[in-house]
Every structure is written in C-alpha cells, then in structure tokens.
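Subject: Structure for your review

Dear colleague,

Please find below the structure that I am handing over to you. I would be grateful if you would keep it open while reading the notes that come after it.

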Amino acid sequence: MTLSSMSHPALQKLLRNRTSIPTIPETVRKINALIEDPDVGTAEIGAVVAEDAPLAAKVLRIANSAYYGLQGDCVSTEQASTVLGLRVLRSIVTQAAVFDRFEDISSVNGFSFEEMWQHSLRVAHTTQAIARRSRVVSQPTPDEFYVCGLVHDIGKVIMIDGLGADYARCLNRARRYAYPLHLVEREEFEFSHTDVGSIVAARWDLPEKVCHAIQYHHGPREKVEQDPVISLIAHANLWVHGMEQDSEDAARAVFDEQVREQLGLTEEHIDEILEHTLAIWTGAG
Ligand SMILES: [Fe+2]
Ligand SMILES: [Fe+2]
C-alpha cells in the first residue's frame, strides 16, 4: 500500500469509528515480556495468565481442544504452560485475546466469524509447519508465523464491524461472481482487508516482516516472488483454500518446484505438511 492509500479518507474513517482497532490486552503484553525474560519460569507465566480470569478460561478451552491434544486434561493455566511450553502458550493467549474481542460478531449478513476463525487457525498451523521446515526462512520464527496466520484476515472482521451492510454487499458480490474478495473490496472502498490487517498488526507491535506479509498475502505477484516471508504466508493461504475445497491436488499444485525452491522445501516436506494439515483438519472437526 502506498502512503497515499494509507491516508485514504474512507480507511481513516473506518479506523476512527466505533470499532477502531482493538488493542492487545495488557496481560498479553505482560506475558510476551515475561517470556523474553530467561529468569522467569514456566509456571510463573501460567500464574500471570490465571490472574486474568476470562482470558484464563479461554486459554484452557483452547488448550483442551483437539488442536492441542490435551483433551480436557488441563485444569490450570500453570499446568497448561508446563505441558504445552511457552511458545505454544503465547500463541494460545494471543488467539484467546483476539477471539475475545470479536466473539459477538457471530454471523452478520453472510459473514461467518466461525468460518473465518477456522480458516485463520488452519493458515496459522500451516504457516508454522512450513516455517519449521523451510531452509530459507528463519525469521520471523515459526511461532511468529503462527500469529501471522492467525491474524492475516483480521482486516475482514474490522471491515464487517465498521462498514456493516456496505461490506456485506461486497462479500455477497465476491461470492456470487466467484471473484476474489480483496479485488471487490478495493473496487468498492479503494482499500482491502490486507491494508487494514497490516495496520492492526503494526499497532500490535508484530514484527515488521509479519505486517508486510499480511499486507501482501494476496499479491501483487512481484512482492510474493521477491520476498520468501510474503511468499510463505501467501502460499499457505492458497494451500488452505485448496484443502477447504476438498482438493488435495489443488493444494499440492500451490507448492510447485519454483515455490518449493524459493522457500527451501523438498517434496518430502510437502508430504509432511499435508499429513500435518490433515491431522489438524480431523482434530478440528
Ligand atoms: Fe485474505
Ligand atoms: Fe485467508
């Protein structure tokens, strides 16, 4: 996005209205700082999460979900942090905080928050799985990629919340004509959920590379070809779309030789990622 589109009046208005951009709760900031501190122990961090009761409840719900395999065995956040490890805990806390902010937007005019959330989780797991295997991309970390996947489409939620019926029309138009949503958004509003998402990510102090990846996850093609970090999230998103259409072949085709080379992945890696994705899919029900 150019600076001029960043200051586009409609975008400015969206960011100023009642939704504005959610802030990451204080607990999440505190936890992020503690995790960086080598003198702080795992259980201690779990105790900080426990202080924020609604957040702790959500963390436990997510930790006990099929995604993390604890299957209801985890009764305290101290235990969750020990069993899952801090990196996973950080992802879950961020996830719980983001979910919390938008939970009341259930299903507005053809927009399903649940569906978007499930898609986001799938992209989060996929980007993390790719980042763990990539011989080229070492920064952001797989953990940061997880968060990137989790929030890559957050701009959509802010747009539905702030633009209401106008945005719903946009969603319906994209669906009816099977036209890419980000292009319809740009036509209607002169900005898209990628612009909004990257502004949110920057306000949340996510690494600059993560903000860029969100900004360009639908292209343009030159950006994707030039930057492996952008390419990783863009192709993970396409992979998940392929899988969501029940097409393993479409998903596999996303990682052709050129993309595999750019990301430092082998064909065996793609098999592993497929296996991992299918396990998550089944687990997520
Ligand atoms: Fe998107
Ligand atoms: Fe997406």
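The notes below describe what was found in this structure.

Please bear in mind throughout that this is a predicted model.

The two iron ions

I begin with the metal sites. The iron ion (ligand 1) is coordinated by Asp153 (OD), His193 (NE2), His217 (NE2) and His218 (NE2), at 2.1 to 2.3 Å. Along the chain, the donors of the iron ion (ligand 1) follow the spacing D-x39-H-x23-H-H. The angles among its four donor atoms run from 86 to 179°, and the site of the iron ion (ligand 1) is irregular.

The iron ion (ligand 2) has as its protein donors His119 (NE2), His152 (NE2), Asp153 (OD) and Asn237 (OD1), which lie 2.3 Å from it. Their spacing in sequence is H-x32-H-D-x83-N. The site of the iron ion (ligand 2) is irregular, with angles of 83 to 173° among its four donor atoms.

Which residue coordinates both ions? Aspartate 153 does, and the iron ion (ligand 1) and the iron ion (ligand 2) are 3.7 Å apart. Aspartate 153 lies in the loop between α9 (142-151) and α10, whereas histidine 217 lies in the loop between α14 (208-215) and α15 (221-226); the pair therefore ties together parts that are 64 residues apart in sequence.

Are these donors buried or exposed? Aspartate 153 has a relative accessibility of 2% and so counts as buried. Histidine 217 is also buried, at 3% relative accessibility. Histidine 152, a donor of the iron ion (ligand 2), is buried as well.

Helices α10 and α13

The next point concerns a pair of helices. The axes of α10 (residues 154-163) and α13 (residues 193-203) come within 7 Å and cross at roughly 105°. That makes α10 roughly perpendicular to α13. On the α10 side, the residues in contact are Ile154, Gly155, Lys156, Ile158 and Met159, and they meet His193, Val196, Gly197 and Val200 in α13. By class, this contact has five nonpolar, three polar and one charged residues.

Helix α13 is largely enclosed by the rest of the structure, because nine of its 11 residues are buried. The buried residues include His193, which is also a donor of the iron ion (ligand 1). Val196, Gly197 and Val200, which take part in the contact with α10, are buried too. Just after α13, aspartate 205 takes a positive phi of about 60°.

Two further residues

Isoleucine 233 is located in helix α16 (residues 228-244). Its relative accessible area is 0%, so isoleucine 233 is buried. Leaving aside neighbours within four places in sequence, isoleucine 233 is in contact with Val123, Thr127, Cys148, Gly149, His152, Ala213 and His217. Among them, His152 is a donor of the iron ion (ligand 2), and His217 is a donor of the iron ion (ligand 1). Isoleucine 233 and histidine 217 are 16 residues apart in sequence, while their C-alpha atoms are 6.2 Å apart in space.

Alanine 250 belongs to helix α17 (residues 248-254). With 34% relative accessibility, alanine 250 counts as partly exposed. Its C-alpha atom is separated by 9.7 Å from that of valine 240, and the two residues are 10 residues apart along the chain.

With kind regards

How values were computed. Residues numbered from 1 in each chain as written. Chains lettered and ligands numbered in written order. Predicted model: local features only at pLDDT ≥ 70, side-chain atom pairs only at ≥ 80, totals over all residues. Heavy atoms only, no water. Axes fitted to C-alpha atoms, helices over the stretch in contact; angles between N-to-C directions. Helix = DSSP H or I, 4+ residues; strand = E, 2+ residues; numbered from the N terminus. Parallel < 35°, antiparallel > 145°, perpendicular 65-115°, else oblique. Contact = heavy atoms within 4.5 Å. Nonpolar A, V, L, I, M, F, W, Y, C, P; charged D, E, K, R; others polar. Donors = N, O, S within 2.8 Å, 3.2 Å for Na, K, Ca; no water. Tetrahedral: all angles 85-135°; square planar, octahedral: opposite > 155°, others 65-115°. Buried < 20%, exposed > 50% of the residue type's maximum accessible area, 1.4 Å probe, protein only.
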